[in-house]
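Grab your viewer and work through these short exercises. Each one sets a task and then walks through a solution.

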Amino acid sequence: MVRAVEMSLSGRPQPRRGSGRMVLDSGDPGIPLDRVPYFVPDLRRVAVVGVAMLVLLVAGSFLIPTFVK
């Protein structure tokens, strides 16, 4: 609770210039996703595997009963 109050009292993020891009110091303790090297490709792989699992599940629930009959 104290940490939330501290973060709310910090004010607006101040823009800071560095190496051609503008960086905002927001005070947010989270890791920025642009600094995690393989986040987007890993997320894409998880999505592809999830879709493949759903396709196999649906196909198996319709195809296996028709071949068993």
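**Exercise 1: a charged pair**

Is Arg45 exposed or buried, going by its relative accessible area? Then find its salt-bridge partner and place the pair in the fold.

*Solution.* Keep in mind that this is a predicted model. Start with the accessibility: Arg45 has a relative accessible area of 55%. The cut-off for exposed is over 50%, so Arg45 counts as exposed. Next, look for the partner: Arg45 forms a salt bridge with Asp42, and the closest N and O atoms are 3.1 Å apart. Asp42 has 38% relative accessibility, so Asp42 is partly exposed. Now for the spacing: both residues sit in helix H2, three residues apart, which means about one helical turn separates them. Finally, searching the whole structure turns up one salt bridge.

**Exercise 2: the geometry of H2**

Check whether the end-to-end distance of H2 fits its number of residues, then look for a bend.

*Solution.* H2 covers residues 39-68. With 30 residues at 1.5 Å a residue, H2 should span 44 Å. The end C-alpha atoms of H2 are 42 Å apart, so the distance agrees with the expected span. There is a bend, though: H2 turns by about 30° at Gly60. As for cover, H2 hardly has any, with zero buried residues among its 30.

**Exercise 3: a greasy patch**

Which residues make the nonpolar surface patch of about 550 Å²? Work out how Phe39 fits in.

*Solution.* The patch is made by Ile31, Leu33, Val36, Phe39, Val40 and Leu43. Phe39 belongs to helix H2. The relative accessible area of Phe39 is 33%, so Phe39 is partly exposed. Zooming out, the protein exposes about 6800 Å², and carbon and sulfur atoms supply 69% of that. Of its 69 residues, 0% count as buried.

**Exercise 4: fold and confidence**

Describe the order of the elements, then decide where to be careful with the coordinates.

*Solution.* First, take stock of the elements: the protein has two helices and two strands. Along the sequence they follow the pattern α-β-β-α. Then turn to confidence: the average pLDDT is 75, and 58% of the residues score at least 70. Among the elements, helix H1 (residues 2-8) has the lowest mean pLDDT, 53, while H2 has the highest, 91. Where pLDDT is low, predicted coordinates shouldn't be read in detail.

Terms used
Residues numbered from 1 in each chain as written. Predicted model: local features only at pLDDT ≥ 70, side-chain atom pairs only at ≥ 80, totals over all residues. Heavy atoms only, no water. Patch = residues over 30% accessible without salt bridge, like charges linked within 9 Å, V, L, I, M, F, W, Y side chains within 5 Å. Areas by Shrake-Rupley, 256 points an atom, 1.4 Å probe, with all protein chains shown as cover. Salt bridge = Lys/Arg side-chain N within 4 Å of Asp/Glu carboxyl O. Helix = DSSP H or I, 4+ residues; strand = E, 2+ residues; numbered from the N terminus. Buried < 20%, exposed > 50% of the residue type's maximum accessible area, 1.4 Å probe, protein only. pLDDT = per-residue confidence, 0-100. Expected span 1.5 Å × (residues − 1). Bend = angle between axes of the 7 residues up to and from the residue.
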